[in-house]
Amino acid sequence: MVIKIEIYELLKAFSMQKKCFKPIYEKYYDETSPCKESFAKFVSRTTKSSFQMYWIIDNSTKVGQIWIATKNDTAKLARLFVPPKYQNKGYATKAIIDIEKLYSQYYHWQLDTIKEEKKNVHLYQKLGYKPNGKEKIINDKMTITEFEKEINNERSNWIL
């Protein structure tokens, strides 16, 4: 299940982001890492109507976050992270499925991820996302690769 992160929860959400991305930063030393982000920048996103942050919830436990940015007919998985103790339990898969249902009016989906993180790449490909060929080399250890997915909403073919 996904539920919106409320304003009063932003510090907790920010702390989770720092903890989740620190090991990735220590692996790749990417200076644009979310673990290096300021709280002010983190909070600034919440002022955009086209952007939403969600908790990934299991029972009443916050097991991660998924962020969505929308523009025109496109939804972007802007960020998805799960703390290590909750990884490999299907939470990310379920969160993506849930968010795609919640944002079912969007047919074109995008995301980017670290090409070298094979589990992330596998997750997105398993859910139908395909590389679009766009990549950005961050440093000699890390490349960001983009994925896209078209969702055919069968309801759009119904005659009412």
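The exercises below, each with a worked solution, concern a predicted model.

**Exercise 1. Compare the span of helix α1 with the span expected at 1.5 Å a residue, and locate its kink.**

Step 1. Helix α1 covers residues 10–28 and has 19 residues.
Step 2. At 1.5 Å a residue, 27 Å is expected for α1.
Step 3. From the first C-alpha to the last, α1 reaches 26 Å, close to that expectation.
Step 4. The axis of α1 has a kink of about 35 degrees at Phe-21, shortly before the proline Pro-23.
Step 5. Just after α1 comes Tyr-29, with a positive phi of about 50 degrees.

**Exercise 2. Repeat the span check for helix α3.**

Step 1. With 12 residues at 1.5 Å each, α3 should span 16 Å.
Step 2. The end C-alpha atoms of α3 are 16 Å apart, so the two values agree.
Step 3. The buried residues of α3 include Tyr-91, Ala-95, Ile-96 and Ile-99; Asp-98 and Glu-100 are also buried.

**Exercise 3. Classify Lys-19 and Ser-33 as buried or exposed.**

Step 1. The cut-offs needed are under 20% relative accessible area for buried and over 50% for exposed.
Step 2. Lys-19, in helix α1, has a relative accessible area of 62% and is therefore exposed.
Step 3. Ser-33 sits in the loop between α1 and α2; its relative accessibility is 5%, so Ser-33 counts as buried.
Step 4. Beyond its neighbours within four places in sequence, Ser-33 is in contact with Phe-21 and Tyr-25. Phe-21 and Tyr-25 are themselves among the buried residues of α1.
Step 5. A distance links α1 to Pro-34: Lys-19 and Pro-34 are 15 residues apart in sequence and 9.8 Å apart in space, C-alpha to C-alpha.

**Exercise 4. Describe the sheet: strand order, edges and pairing.**

Step 1. The sheet is open and made of 7 strands, in the order β1-β2-β3-β4-β5-β7-β6, with mixed pairing.
Step 2. β1 (2–4) and β6 (130–139) each have a single partner strand, so they stand at the edges and one side of each lacks a neighbour in the sheet.
Step 3. On average, neighbouring strands are turned by 30 degrees against each other, direction ignored.
Step 4. For pairing in general, strands of a sheet are joined through backbone hydrogen bonds, either parallel or antiparallel.
Step 5. β5 and β7 are paired in the antiparallel sense over 7 bridges. Ile-114 has Ile-144 in β7 as its bridge partner.

**Exercise 5. Place helices α1 and α4 against the sheet.**

Step 1. α1 lies across β2, β3, β4, β5, β6 and β7, and runs at about 90 degrees to β3.
Step 2. α4 packs on the sheet and touches β4, β5, β6 and β7. The direction of α4 makes about 165 degrees with that of β5.

**Exercise 6. Which residues of α4 are buried, and why do they lie on the same side?**

Step 1. In α4 (residues 118–126), Val-121, Leu-123 and Tyr-124 are buried.
Step 2. These residues cover an arc of only 160 degrees around the axis, so they lie on the same side of α4.
Step 3. The buried residues of α4 pack against β4, α3, β5 and β7.
Step 4. On the face turned away from the buried side are the exposed residues Lys-118, Lys-119, His-122 and Lys-126.
Step 5. Gly-128, just after α4, takes a positive phi of about 95 degrees.

Note on methods:
Residues are numbered from 1 along each chain as its sequence is written. This is a predicted model: local features need pLDDT of at least 70, side-chain atom pairs count only at pLDDT 80 or more; totals for chains, interfaces and linings use all residues. Side-chain values use heavy atoms; hydrogens and water are left out. Helices (H or I, at least four residues) and strands (E, at least two) are DSSP runs, numbered from the N terminus. Buried means under 20% relative accessible area, exposed over 50%, partly exposed in between (1.4 Å probe, protein chains only). The arc is that of the directions from the helix axis to the C-beta atoms. Contact means heavy atoms within 4.5 Å. The expected span of a helix is 1.5 Å times one less than its number of residues. The bend at a residue is the angle between axes fitted to the seven residues ending there and the seven starting there. Two strands pair if DSSP finds at least two bridges between them. Axes are lines fitted to C-alpha atoms, for helices over the stretch in contact, and angles run from 0 to 180 degrees between N-to-C directions.
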